[in-house]
Amino acid sequence: MDIKIAIIGLGYVGLPLARLFATKYPVVGFDINQNRVNELNNGNDFTLEVEKELLQEVLIDKPLSKNGLFCSTNIEDLKDCNYYIITVPTPVDKNNRPDLTPLYKSSETVAKVLKKGDIVIYESTVYPGLTEEECVPVLEKNSGLKFNQDFFAGYSPERINPGDKEHTVDKILKITAGSTPEIGIKVNDIYKSVITAGTHLAPSIKVAEAAKVIENSQRDINIAFVNELAKIFNILDIDTQAVLEAAGTKWNFLNFKPGLVGGHCIGVDPYYLAQKAQEAGYHPEIILAGRRLNDSMGEYVASRIVKLMIKKRIPVNHSKLLMLGITFKENCPDVRNTKIVDVINALKDYGIDVSVYDPWANPTEVKHEYGLVTTDKLPTDKFDTIVLGVAHKEFLDIDLEQFKNQNSVVYDVKGVLKCKIDGKL
């Protein structure tokens with residue numbers, strides 16, 4: 001049987017995967033956003049995850065006519081596929097409870113075109129059991145087909161690192177799993193055919209789901225630990241980075257740095273595991289303690305900045321502050337779940353007038369997501385305070401003197417500035 005692949009969701013995860021599979025198979029990339037599909041069919045990717053030349057190399061004019069990628073919003077273009085890979089986001093709501101709406105909706109879409117023998121693979125980060133307990137019933141109900149009899153499921157958690165041009169999708173080892181041992185082999189084989197770093201076939205979908213969610217929970221807890229150290233060492237007037245450098249001389253010391261934990265993975269996924277644990281009657285203490293500490297860092301950074309302003313006798317209320325960067329990480333346009341917004345909101349609560357400059361972020365997207373006005377053009381004003389929030393390459397050697405008033409505070413959240421600063425995390 002010829003392999004024909006549908007990728008559902010063409011964001012930071014789906015597009016690089018679709019492009020990669022399209023080098024060997026006929027692929028339909030499906031997304032509900034018509035503007036996104038138009039942009040991709042013109043060979044442009046605003047996420048900057050896939051370079052224009054690489055994208056244009058695989059684009060084809062007709063769905064499934066030959067190896068290559070056809071992007072569409074039309075569900076009819078999916079009906080001849082036999083592998084459906086769902087790569088939609090799994091966010092949390094304002095109460096940090098898992099929001100499964102994108103998973104439910106995408107599962108309903110796939111169910112409409114599901115046929116006997118088809119395999120549906122999920123890449124979205126979820127808690128253990130979610131694929132078979134929540135998504136499969138949606139597929140069964142809307143298709144009229146029987147699970148593990150008429151159709152099958154697989155799971156292969158995404159390991160995309162937005163903005164990373166070294167660890168691209170094909171160079172990161174991939175975990176795979178299937179709803180039966182035979183399907184596990186099929187799912188593993190399809191990924192193995194394009195992932196040069198290799199694959200790891202897990203014994204069950206639940207194991208693969210759990211492996212993914214603890215990857216990010218582990219990083220979250222480790223960062224929470226160094227964030228707590230930063231708070232302690234600030235009180236003791238000790239340079240946290242100097243301490244970490246000294247401790248790092250031991251061969252088995254783990255290299256984590258303090259910071260704001262945002263993005264669509266590390267700051268979100270632990271809540272999925274915590275939710276499942278609580279449903280099973282266990283209250284996860286370390287996971288939620290780490291989350292609480294990391295979620296408090298925006299307020300903490302703002303209070304540190306205000307204290308430095310007071311020490312320099314800069315009136316806080318109505319002062320002008322320049323925030324350098326708003327994306328969730330450096331050299332990447334992704335603003336999802338960025339914790340810089342927490343710092344900005346806390347600073348505004350102090351009555352500070354905050355201007356945001358980020359050459360990577362799309363001002364329209366930031367306005368839509370957070371209601372904040374930003375600019376991607378270098379400011380010409382003078383400011384009482386300058387804060388480096390994101391370590392974009394453009395900021396590493398920037399001359400901050402051009403932004404300073406006679407008496408200004410410079411705060412470095414990332415600890416990367418080479419010029420004289422007043423404080424850092």
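# A guided tour, starting at cysteine 81

Select cysteine 81 to begin: at 0% relative accessibility, this residue falls under the 20% limit and is therefore counted as buried. The model on the screen is a predicted one. While cysteine 81 is selected, look for a sulfur partner: cysteine 81 takes part in no disulfide, and the nearest cysteine sulfur, which belongs to cysteine 71, lies 12 Å away. A search of the whole structure likewise finds zero disulfides. For a contrast in burial, select cysteine 419, which is partly exposed with a relative accessible area of 35%.

**The whole chain**

Zoom out and colour by secondary structure, and the protein chain shows 14 helices and 13 strands. The radius of gyration is 23 Å, close to the 22 Å that the globule rule gives for 425 residues, so the chain is as compact as a globular protein of that length. Along its principal axes, the C-alpha trace spans about 75 × 50 × 40 Å. If you colour by accessibility instead, buried residues make up 54% of the 425 residues, and the accessible surface comes to about 19,600 Å², of which 52% belongs to carbon and sulfur atoms. Among contacts with a separation of 6 or more, 70% are made by residues 24 or more positions apart.

**The N-terminal strand and helix**

Next select strand β1, residues 5–8, and turn it to view each side. In a regular strand, side chains alternate between the two faces of the sheet. Here both faces are covered, with Ile5 and Ile7 buried on one side and Ala6 and Ile8 buried on the other. Add strand β2, residues 26–30, which runs parallel to β1 and is joined to β1 by four bridges; within this pairing, isoleucine 7 stands opposite glycine 29. Then move to helix α1, residues 14–21, where eight of the eight residues are buried; the list includes Arg19 as well as Leu15, Leu17 and Phe21.

**The nonpolar cores**

Which residues touch the most other members of the largest nonpolar core? Select Tyr84 and Leu103, which hold that place among its 39 residues. The largest share of this core, four residues, comes from helix α5, residues 130–143. A second, separate core has 35 residues, including Leu293, Tyr300, Ala302 and Leu425. Returning to tyrosine 84 and showing its surroundings, and leaving out residues up to four places away in sequence, you will find that its contacts include Ala6, Leu78, Val110, Val113, Leu114 and Ile121, together with Lys79, Lys115 and Asp118.

**The five-stranded sheet**

Now select the open sheet of five strands, whose order is β10-β9-β11-β12-β13 with parallel pairing. Strands β10 (353–357) and β13 (423–424) stand at the edges, each with a single partner strand, so one side of each is left without a neighbour in the sheet. Follow β13 inward to strand β12, residues 404–412, with which β13 pairs in the parallel sense over two bridges; tyrosine 411 has glycine 423 as its bridge partner there.

**Loops to visit**

Select threonine 374, in the loop between α13 (363–370) and β11 (383–388). Is this loop residue buried or exposed? With a relative accessible area of 12%, threonine 374 is below the 20% limit and so counts as buried. Beyond its neighbours within four places in sequence, threonine 374 is in contact with Ile326, Val356, Pro363 and Val366.

A second loop to select holds proline 284, between α9 (269–279) and α10 (285–295). Proline 284 is also buried, at 4% relative accessibility. Apart from residues up to four places away in sequence, proline 284 touches Ala274, Ala277 and Gln278; alanine 274 is 10 residues away in sequence and 6.1 Å away in space, C-alpha to C-alpha.

Finish with two asparagines that have positive phi values. Asparagine 148, in the loop between α5 and β6 (152–155), has a phi near 65 degrees, a positive value in a residue other than glycine, and is partly exposed with a relative accessible area of 31%. Asparagine 331, in the loop between β9 (320–324) and α12 (340–349), has a positive phi of about 55 degrees although it is not a glycine, and at 24% relative accessibility asparagine 331 counts as partly exposed.

Technical notes:
Residues are numbered from 1 along each chain as its sequence is written. This is a predicted model: local features need pLDDT of at least 70, side-chain atom pairs count only at pLDDT 80 or more; totals for chains, interfaces and linings use all residues. Side-chain values use heavy atoms; hydrogens and water are left out. Buried means under 20% relative accessible area, exposed over 50%, partly exposed in between (1.4 Å probe, protein chains only). Contact means heavy atoms within 4.5 Å. A nonpolar core is a set of buried Ala, Val, Leu, Ile, Met, Phe, Trp, Tyr and Cys residues joined through side-chain atoms within 4.5 Å. A disulfide is a pair of cysteine sulfur atoms within 2.5 Å. The radius of gyration is taken over C-alpha atoms; the globule rule is 2.2 Å times the number of residues to the power 0.38. Accessible areas come from the Shrake-Rupley method with a 1.4 Å probe; for residues, only the protein chains shown count as cover. Two strands pair if DSSP finds at least two bridges between them.
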